[in-house]
Amino acid sequence: MDTQERHGAVEVPPARTAKEAGTAAAQSGPEVPRQPLWVEEAATRWRMPDPVRRAAVRAVIITSLTLIQAMVAFLASLTGSWLAFPMVLSSVGSTVVATWSVLDVWVTRQVWNQRNGVVSVPSSSARRLRRERRRARRAARTAERDAARIRRRDAGRRLSRA
């Protein structure tokens, strides 16, 4: 992009004749509309709640550090370094901590679901109950309409008789 184009001072090409425009269009083929670079799509999954996400990030960091520590302990033991024994001991401890952090994600998720409710798919029994309630409401509305219609009809007869 030219500086002049960025500032809006774009030179307009001279107007073509109809014949030139027709031949240029025939040479370049049909005009294809330009599509955007990407298309926004709705998320297929809901975002994790903040406490669960925090626990998951903590677990990933702790697990990755444990894996790095285990690799260093393994390499140190292959080379026969004095650092191998302390690294193996700390790797065992880190493995326990990493397991606890992964369990913490699961527990945090369960606690959050219990406190804030779970989005559940209605079961067939819930659908059946809803359907029955809907039918009962419809029947009640129909009965009210019929009763109102009968009252109007009776009121008209009384007026004509009076």
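Let me start with one term: a salt bridge here is a side-chain nitrogen of Lys or Arg within 4 Å of a carboxyl oxygen of Asp or Glu. Keep that in mind, because we'll be counting a few of them under that definition.

Okay, so what are we looking at? This is a predicted model. The protein chain has 5 helices and 0 strands, and if you read along the sequence, the pattern is simply α-α-α-α-α. There are 162 residues in the protein chain, and buried ones make up 11% of them. Then there's the question of how far apart in sequence the contacting residues are. If you take the contacts with a separation of 6 or more, 61% of them are between residues 24 or more positions apart.

I'd like to spend most of my time on two helices, α3 and α4.

Let's take α3 first. It runs over residues 50-79. With 30 residues at 1.5 Å a residue, α3 should span 44 Å, and the end C-alpha atoms are indeed 44 Å apart, so the two agree. Right after α3 comes G80, and the phi of G80 is positive, near 75°.

Now α4, which covers residues 84-116. Same little exercise: 33 residues at 1.5 Å each should give 48 Å, and the end C-alpha atoms of α4 sit 47 Å apart, which agrees. And α4 has a glycine after it as well: G117 follows, with a positive phi near 85°.

So how do α3 and α4 sit relative to each other? Their axes come within 8 Å and cross at roughly 165°. An angle over 145 degrees counts as roughly antiparallel, so that makes α3 roughly antiparallel to α4. If you like handedness, α3 passes α4 in a left-handed crossing.

Next, which residues of each helix are buried? In α3 we have V52, A55, A56, A59, T66, Q69, A73 and A76. In α4 the buried ones are A84, M87, S91, S94, A98, S101, V105, T108 and N113. And what do they pack against? The buried residues of α3 pack against α4, and the buried residues of α4 pack against α3.

Let me zoom in on one of those, S101, which is in helix α4. The relative accessible area of S101 is 7%, and the cut-off for buried is under 20%, so S101 counts as buried. Who does S101 touch? Leaving aside neighbours within four places in sequence, S101 is in contact with A59, I62 and T63.

I62 comes up again when we look at V97. V97 is also found in helix α4. From C-alpha to C-alpha, V97 and I62 are 7.7 Å apart in space, while in sequence they are 35 residues apart. Is V97 buried or exposed, or something in between? V97 has 45% relative accessibility, so it counts as partly exposed.

Right, back to the salt bridges. How many does a search of the whole structure find? The count is 4. I'll walk you through three of them, with the N to O distances.

One of them brings together the side chains of D104 and R58, at 3.1 Å, N to O. D104 lies in helix α4 and R58 in helix α3, so this pair ties together parts that are 46 residues apart in sequence. D104 is partly exposed, with a relative accessible area of 24%, and R58 is partly exposed too, at 43%.

Another joins the side chains of E132 and R128, at 3.6 Å, N to O. Here we've moved to helix α5, residues 124-161. E132 and R128 are 4 residues apart in that helix, so about one helical turn separates them. E132 has a relative accessible area of 40%, which is partly exposed, and R128 is partly exposed at 43%.

Then there's R149 with D146, where the closest N and O atoms are 3.3 Å apart. These two are also in helix α5, 3 residues apart, which again puts about one helical turn between R149 and D146. R149 comes out partly exposed at 41%, and D146 partly exposed at 33%.

So, if you take one picture home, let it be this one: α3 and α4 roughly antiparallel, with the buried residues of α4 packing against α3 and a salt bridge between D104 and R58. That's it from me, thanks!

How values were computed
Residues are numbered from 1 along each chain as its sequence is written. This is a predicted model: local features need pLDDT of at least 70, side-chain atom pairs count only at pLDDT 80 or more; totals for chains, interfaces and linings use all residues. Side-chain values use heavy atoms; hydrogens and water are left out. The expected span of a helix is 1.5 Å times one less than its number of residues. Buried means under 20% relative accessible area, exposed over 50%, partly exposed in between (1.4 Å probe, protein chains only). Contact means heavy atoms within 4.5 Å. Axes are lines fitted to C-alpha atoms, for helices over the stretch in contact, and angles run from 0 to 180 degrees between N-to-C directions. Angles under 35 degrees count as roughly parallel, over 145 as roughly antiparallel, 65 to 115 as roughly perpendicular and the rest as oblique. A crossing is left-handed if the near helix is turned anticlockwise from the far one by less than a right angle, and right-handed if clockwise.
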